[in-house]
Amino acid sequence: MEYNHQEIEAKWQRYWAENQSYKVENESEKPKYYVLDMFPYPSGAGLHVGHPLGYIASDIISRYKRLKGFNVLHPMGFDSFGLPAEQYAIETGQHPAITTAKNIDTFKKQLAKIGFSYDWTREVQTSSPDFYRWTQWIFCQLFESWYNKETDKAENIGLLIAEFEQNGNEKVQAVCDEDVFFFKAAQWKSYSEKEKSDVLLKYRLTYLSEAVVNWCPALGTVLANDEVKDGFSERGGYPVERKKMKQWMMRITAYAERLLQGLETIDWSEPLKEMQRNWIGKSLGAEVTFQVKDKPFDLTVFTTRVDTIYGVTYLAIAPEHELVEELTTDRQRQKVEIYVQVAKNRSERDRMADVKTISGCFTGSYAINPFNNEAIPIWIADYVLAGYGTGVVMAVPSSDERDYRFAKHFDLPIRLVIGGTEEMENPCDKKWGKMINSDFLNGLEAEVAIEKAIARAEKRSFGKRRINYRMRDAVFGRQRYWGEPIPIFYDKGIPKLLSANELPLILPEIDQYKPTETGEPPLARSKNWKYEQTTMPGWAGSSWYWLRYMDAGNDKEFCSRKAENYWQSVDLYMGGSEHATGHLLYSRFWNKFLKDLGYVQSEEPFKKLINQGMIQGRSNLIYKIENENVFVSANFKDEYKTYELHVDVNMVENDVLDIEAFKKWRPEYANAKFVLDNGKMVCGWVAEKMSKSKYNTVNPDDIIGRYGADTLRMYEMFLGPLEQSKPWNTQGIDGVSRFLKKLWRLFFDEKGSLVVQKTEPSAAELKVLHKTIKKITEDLERHAFNTPISTFMIAVNELTDLKCHNESVLKDLIITLSPFAPHISQELWNKLGCQGLIIDAVFPLFDEKYLVEQSFEYPIMIGGKLRTKIEFPLDMPVEDIKTQVLANEIVQKWLEGKAPKNMVVVPKKIVNVVV
């Protein structure tokens with residue numbers, strides 16, 4: 001009976017699906033464990049072998065934890081709203097829902113073939129009205145909430161309205177817009193409904209605002225900062241411009257400090273935490289107000305180094321700053337307009353990252369330094385961001401590298417204010433020291449000078465102490481069709497919520513999926529649509545979906561208190577680090593908000609997060625001689641003037657090209673000549689991202705068809721540490737395939753007869769087993785997935801050498817193996833006559849007593865040379881060892897009948913016979 005992976009895997013996958021073997025209940029006496037993968041967007045291309053890497057690792061942990069006695073929640077769903085389906089709809093007219101449903105079907109079939117232990121009864125799809133009804137409901141809760149600084153949490157807007165009616169807003173401590181004005185209770189009561197609405201929008205956690213956004217005309221939508229790279233959309237590579245638009249926003253800045261402090265309570269990698277810290281960008285400093293000369297307004301700057309105030313030689317403002325036009329003199333207007341048009345279309349990310357490009361334009365206006373009354377020029381510079389601080393920078397060229405390069409480039413003054421910089425080529429290299437050229441701050445250490453400068457600014461009312469965050473409120477509207485409708489309608493210009501019983505607000509049918517000819521969002525094409533025309537961003541559904549898995553069938557609430565009380569938060573979350581400043585921030589924000597309102601218990605949604613690395617494509621290359629229809633093997637490419645072409649890796653095996661397959665694939669080369677190397681067309685290779693354009697994607701279905709799902713699962717883990725990126729190379733997969741066949745041989749002989757015996761296991765067999773159990777347990781507890789594969793291989797080799805067919809040993813071995821290779825393990829479990837599913841067995845415990853060495857193999861040195869090895873019990877007396885050594889035939893041969901001069905026995909090390 002041969003190991004037939006196709007038959008065995010299909011059989012058990014069918015059984016698991018029909019019997020809902022992995023369905024889990026919300027009640028159990030067992031401890032709970034919640035394992036979650038970042039759910040995928042169902043693209044049209046389906047899965048390639050890089051996608052399942054994290055899914056396999058999380059499935060191994062899920063199966064392991066279930067064997068260890070946990071009630072394990074391991075669900076899967078789809079982040080099914082997205083631009084690709086909408087772009088396809090624009091191009092073809094096919095409704096995005098049709099495309100999405102087809103893609104999800106493909107994904108589910110592929111996932112089923114890999115043997116994941118998902119509870120599919122809890123599947124969610126963010127584009128399903130049953131799901132986005134609750135996304136809309138959460139939006140409504142955010143709209144009806146404000147952030148109370150005194151209680152440090154979100155509260156119902158009704159409490160704020162009550163305070164306005166009783167006392168006005170002068171005593172309100174809230175996170176709100178900066179342009180909020182004070183009013184008395186009587187004034188509030190005198191306001192019209194529209195005026196009250198406008199005031200409340202300045203406090204609500206989701207609100208309408210004029211904001212500078214990343215507008216992509218080609219995609220017809222606004223993009224988040226993390227969706228723009230080098231001025232182009234990450235999806236499609238279309239140009240992106242910065243423009244002001246009225247947008248729905250989420251006041252995530254209200255949670256900035258809690259998002260920062262929460263990082264200290266969760267088990268995430270330090271690099272990922274640091275990415276979030278940098279994105280939040282907390283800084284302690286001061287606001288200082290500069291009066292604009294001959295203008296009726298001021299400019300306020302935020303600085304962490306107010307001690308350097310006497311080194312300020314110009315102010316720099318962001319290209320998007322609202323006062324650019326008023327600051328620009330007639331003489332400078334044309335230059336300013338040209339500069340601003342170019343500069344403001346670069347994304348904030350690009351401008352932060354690009355430290356080499358120096359550009360700017362003088363406005364013609366001057367500001368007055370309040371500390372010394374000096375008039376300093378006001379420049380526009382794209383290294384200043386409208387979204388950070390106040391959008392104005394007090395430039396100190398002697399202390400800040402960007403200010404220094406800017407001043408050098410435009411020949412602006414550089415005034416030294418830190419002692420010890422006088423003789424330095426670049427004074428910015430010294431950041432701290434005693435102050436010089438700084439009036440009342442002279443001689444003070446910088447730290448002391450900061451406090452003294454803030455005190456003076458506050459005393460004279462031109463500055464104050466402040467904590468600042470780089471993070472901005474999140475744009476929440478998108479000018480596209482395929483997204484959650486925002487449950488808002490407008491009554492005389494006042495945004496109002498739909499009631500809960502009117503949800504879900506379902507997307508209407510429209511004739512085309514692109515913006516209207518007048519630039520309105522696609523929903524404006526619906527004649528009967530009376531609601532907000534923008535839809536929610538791609539991150540809306542993913543900001544709470546883990547909660548829906550807890551109670552996916554509930555049509556009364558997004559998640560019952562009982563279910564949430566049981567599962568609480570995700571114990572292990574698996575996904576890519578590319579979501580650090582997007583999904584992982586937004587989901588933490590929404591979770592904290594829901595906790596404030598009492599809907600969830602945990603402050604953080606994901607206790608432990610593992611970022612799996614990327615499986616890179618291993619692209620194959622062939623080399624064509626320039627201007628000739630001739631290809632040469634890789635070893636000959638340097639002998640000719642060649643250029644490289646990517647070839648489909650599926651027509652290459654062990655770097656040897658199937659020439660006939662290549663000719664069929666590229667018929668323009670049907671008559672080409674090929675210069676072979678020992679009869680083979682050898683390809684070159686390079687590791688790079690898996691992509692259809694590189695022809696290096698490998699479909700897991702093909703690997704499974706040839707080698708089996710268990711082989712794929714174990715091989716992906718075998719490639720290297722989970723967190724590291726590594727190239728895919730099919731060449732190494734044969735070793736894992738042979739291992740599984742060798743495992744099978746421990747149970748069946750060549751005739752297919754079961755050879756397992758119910759005998760007492762030997763000490764050697766128990767030692768191999770318990771050594772394996774110990775290593776696998778330790779590795780899985782620390783989430784190491786690659787080293788167990790070699791441990792299993794060693795174990796099977798050693799048991800094969802021992803001719804082990806012992807039932808108890810092999811039964812524990814396959815239980816231990818089952819998280820990695822569930823199909824073959826389940827089949828062998830069944831063949832042993834065991835009832836039920838192997839996943840309901842108990843993971844074996846290792847016993848140290850079987851690992852204690854009972855004997856030692858001594859090297860026997862005769863005349864200074866190793867002549868043989870003899871094994872003795874560890875407790876054998878030295879004199880008995882000597883006696884047995886002398887009696888050994890090989891020793892007698894080398895002694896040639898002579899008595900040794902001496903014999904030294906070093907216990908557990910060596911026996912040295914002196915002749």
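## Close-up views of Gln-826 and the second largest pocket

**View A. Gln-826 and its backbone partners.** The side chain of Gln-826 comes within 3.4 Å of the backbone oxygen of Gly-836. The model shown here is predicted. A further polar contact of this side chain, at 3.0 Å, is to the backbone nitrogen of Ile-838.

**View B. The setting of Gln-826.** Helix H26, spanning residues 822–831, carries Gln-826. Gln-826 counts as buried because its relative accessibility is 2%, and the cut-off for buried is under 20%. Beyond its neighbours within four places in sequence, Gln-826 is in contact with Trp-12 and Trp-16. Gly-836, Leu-837 and Ile-838 are also in contact with Gln-826. Two of these residues return from View A: Gly-836 offers its backbone oxygen, and Ile-838 its backbone nitrogen.

**View C. The second largest pocket and its centre.** This pocket holds about 840 Å³ of space. Its lining is made up of 25 residues. Closest to the centre are Phe-302, Thr-304, Tyr-388, Val-393 and Asp-400.

**View D. Elements that line the second largest pocket.** Three strands and one helix each supply at least two lining residues. The strands are E11 (282–292), E12 (298–303) and E16 (392–395). The helix is H14 (401–410). E16 gives the largest share of the lining, three residues.

**View E. Residue classes in the lining of the second largest pocket.** Nonpolar residues number 10. Eight lining residues are polar, and seven are charged.

Methods. Residues numbered from 1 in each chain as written. Predicted model: local features only at pLDDT ≥ 70, side-chain atom pairs only at ≥ 80, totals over all residues. Heavy atoms only, no water. Helix = DSSP H or I, 4+ residues; strand = E, 2+ residues; numbered from the N terminus. Buried < 20%, exposed > 50% of the residue type's maximum accessible area, 1.4 Å probe, protein only. Polar contact = N/O pair within 3.5 Å; in protein donor to acceptor, adjacent residues only side chain to side chain. Contact = heavy atoms within 4.5 Å. 1 Å grid on protein atoms, 1.4 Å probe; cavity = no way out; pocket = protein on both sides within 12 Å on 5 of 7 lines; lining within 4 Å. Points joined across faces, edges and corners; volume = space filled by probe spheres on them. Nonpolar A, V, L, I, M, F, W, Y, C, P; charged D, E, K, R; others polar.
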